[in-house]
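Thanks for making the time this morning. I would like to walk through one model with you, going from its pockets to its cores and then to a few individual residues.

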Amino acid sequence: MADEHDVPFPPLPSMVIDKDEDRIHDGKDSKQEYETKLATVKMLLKSIDQTVTVAFPLHAPVNELITHFAKELRMSPNVLQIIFKEKVLENQLTLSQIDVEPNTTVSMELHSKDPANYPLRPYRPRQDISMPDVITVRIDEDADISRDIVVEIERNNIRKPYLGGTRHRMTGKEYHHASAQTIPPQRPDKGLQRNCRDTQTIESRHRVIQTTNEQSTQMSKPGYYVSNEDDRLITPQPYQTAAEKFEILTKKAIIIQKYFRRWLAKRDVNTLRDAFQKRVQYELEQKQKQAEERQKRYQYDLERRLHPRTKDDFDVLYAALEKWREEEIAKINATKQGAARKAALALLVDEETELLATIDRYKTEAHKYNKEANIQRFLERVAQPKKWKYKDGTTTELDTPYSIRARELMQIYNTITMKFLTLDERLDILLTLKHTVKEHDSRLTQEIIQLIDREADLLMRGTKEENLAGLRERISTLFLQYIKTPTFNPGVIRHLKVPQDPVTAAQYKTLYCRSCQKYYPSTEFSVSSTNAKIGKCRQCLRLENIANKRADHTKFKYLLKKIEKDECGYNDGAHCIFLLTINDIEYMFKNIWDSHSILSEESDIYNLTFIRWNRHEEFTPWNCILLTFEEANAHLKLDDVETSYSEPFCKKIRYKQAISRNHFTKLGEHIQNQQQTNGSKDMTITAVKVGRQRGTPTAMANASA
């Protein structure tokens, strides 16, 4: 049999008035009367066979009823549904819309939408409520006429104060004294916390103690036995004075201090041992790193000698040849005389001639290798978009019509120079090239079209590819000339050495070389910081070096680039370093600083570098010092170098700086005049221009910075 419970439905009016009682309140409107009408709903929880009775307004939607039962059953309203007359009720419907009359009783069923995962929970009625919240009162009006009135009982669930009472001895029931049923006044909320758990919680600790006055000794006696199994025999020790106790404490303290100091000593020794091991490991790593760098440098030099590609590589070969020749001459002069000496020198000349011919063959191979690489670099430089670099490191690129045109021509050139293509692919490339050059009518384009038609005809006749190598070389050469023509490729005008515009050509300064008796742009002449006259051009200086001195300036060029890079890192407007040449660095290294570090006498140029003597001033020949990398890092950490080094050492440095100032007198006058007339800003611009004439990448980087 199902359990039936009458439960409250908050909030509801205190009393429901039926249709007959509505006539008494004539002042209320019809809407308020409709809102006060209720119906008794008997909800059957079918899955658990339980019935719950509740009063529900006719105008309220069904979802409020579902919310009420979800709260009572401690479930989600989304998983509950109500069935009335074997139909599922929608949430927005009201009882009046499903033909439920006021003051009547209606039966409904409550189901779960997912009984497997969300079954209905049993309804637990409130234990503190002894009366139902809704009762039905039947009134007999006549002998045969009666009517039912639904009455709601409103109560305030408050705890009444206990005022005493009595308890029945037989039944055990308690009878409390009566108290006022009014709700006590509420204190106004001032936003302060009046109750705290910490002040209402007591932590108690229980200890069993027994004072001396309450102690006693239980002994055996007639009629009472006390076991002595746990008894201990206590023997008094000799009496100990305060001095003896202090002496014992002192000895124990000395022992503790001894072990503590031993622990401190072991800790310090372990710390020193770890530091020593780290230092040894660091030195081993540095030695290994230096050995690896030395091996890499040796392999690099060997590769440059075996496969020379650049001018510096050939300078190394010529320098090695000159060193070998001098050694052979010295050996011949020391061992032979007269006619034998002349014959040996003649053989030496023949061997030198053969070696020079070998170097010339290397030059031819390098020229072929560098030709294609230079063409690719030139085409990529022309096809590059314009770039802007911001302070945050981001860049913005913009493709102009000129760069797009140059990129298309570069792609066509790369395709026509490709090898191992099929017949159809080659014909497609030639057709694309023909349509490209047809856009302009000139003698060059007509010649390219004729060569394209000739190759297409030979391909259709089945000519072998090795027989077409010369024809294809002519086509690629003429198309490269087409790309370098500003009429067909306007973007190339900024990258040509010879200006095409007469106005622009007049702005370039042209100088005369007395050695080769030719005119060159000013950029083809090297700038000297010690000579005010314009000397020979770069090509003549190179030929003179190969014919006479055969000196290798590669190491000093590497040293100069490193100094320029370090000076750019200071970012303080230093510009004197960009006025120095490779010959100036070589003179400073060999003649002033004697080709070794002034501190450790290290002579390996790859481990040496020039740095500022006073790091707060810019690098100049009279404000520098030659040190190794490790010594340079330690030197740059000094704030006052005059007090950090000894007086004899400082005098030695000042003597070498005085020699540098006397040698580079014109450079110092030039810097001083520029600072007085134009200021440091114009001087920086002049230094950048000189660096660009030298063609140093670091000068370009300094200009952009």
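**Pockets, cores and three loop residues**

Let me begin with the second largest pocket, whose lining residues divide into five nonpolar, seven polar and 16 charged. Please keep in mind throughout that this is a predicted model. The pocket in question has a volume of about 880 Å³, and of the 28 residues that line it, those closest to its centre are Q290, E293, Y606, N607 and F629. Which elements build this lining? At least two residues each come from α5, which spans 242-306, from α14, and from α16, which spans 629-635, and the largest share, 13 residues, is supplied by α5.

Turning from pockets to enclosed space, a search of the whole structure gives two cavities of 30 Å³ or more. The largest cavity has a volume of about 40 Å³, and its lining consists of M418, K419, F420, L421, R426, E465 and R472. By class, that lining holds three nonpolar residues, four charged ones and no polar ones.

For the overall picture, the protein chain carries 21 helices and 16 strands, and of its 705 residues 28% count as buried. The chain exposes about 50200 Å², of which carbon and sulfur atoms supply 51%. If we take the contacts between residues at least 6 apart in sequence, 59% of them join residues at least 24 apart.

Now to the interior. As background, nonpolar side chains in soluble globular proteins tend to be buried together. In this model, the largest nonpolar core has 36 residues, and the members that touch the most other members are F589, W593, F610 and I625. The elements giving two or more residues to this core are the helices α14 (554-570), α15 (582-592), α18 (647-663) and α19 (665-677), together with the strands β15 (608-612) and β16 (624-628). A second, separate core has 32 residues, and among them are A406, L409, M410 and L430.

What does F589 touch, once residues up to four places away in sequence are not counted? The list is F556, L559, D594, S595, I605, L608, F610 and L626.

One of those partners, S595, deserves a further remark, as S595 has a positive phi of about 60 degrees although it is not a glycine. S595 sits in the loop between α15 and β15, and its relative accessible area is 23%, so it is classed as partly exposed.

The loop between α14 and α15 gives us two more residues to look at, and I will take N571 first. N571 is also not a glycine, yet has a positive phi, of about 55 degrees. Is N571 buried or exposed? Its relative accessibility is 66%, and because exposed means over 50%, N571 counts as exposed.

C576 lies in that loop between α14 and α15 as well, but C576 is buried, with a relative accessible area of 0%. Which residues is C576 in contact with, leaving aside its neighbours within four places in sequence? They are E618, F619, T620, P621, L667 and I671. For E618 in particular, which is 42 residues away from C576 along the chain, the C-alpha atoms of the two residues are separated by 7.6 Å.

How values were computed
Residues are numbered from 1 along each chain as its sequence is written. This is a predicted model: local features need pLDDT of at least 70, side-chain atom pairs count only at pLDDT 80 or more; totals for chains, interfaces and linings use all residues. Side-chain values use heavy atoms; hydrogens and water are left out. On a 1 Å grid over the protein atoms alone, a cavity is a set of points where a 1.4 Å probe fits but cannot get out, and a pocket is an open set with protein on both sides within 12 Å along at least five of seven lines; lining residues have an atom within 4 Å of a point. Grid points are joined across faces, edges and corners, and a volume is the space filled by probe spheres set on the points. Ala, Val, Leu, Ile, Met, Phe, Trp, Tyr, Cys and Pro count as nonpolar, Asp, Glu, Lys and Arg as charged, and the others, Gly among them, as polar. Helices (H or I, at least four residues) and strands (E, at least two) are DSSP runs, numbered from the N terminus. Buried means under 20% relative accessible area, exposed over 50%, partly exposed in between (1.4 Å probe, protein chains only). Contact means heavy atoms within 4.5 Å. Accessible areas come from the Shrake-Rupley method with a 1.4 Å probe; for residues, only the protein chains shown count as cover. A nonpolar core is a set of buried Ala, Val, Leu, Ile, Met, Phe, Trp, Tyr and Cys residues joined through side-chain atoms within 4.5 Å.
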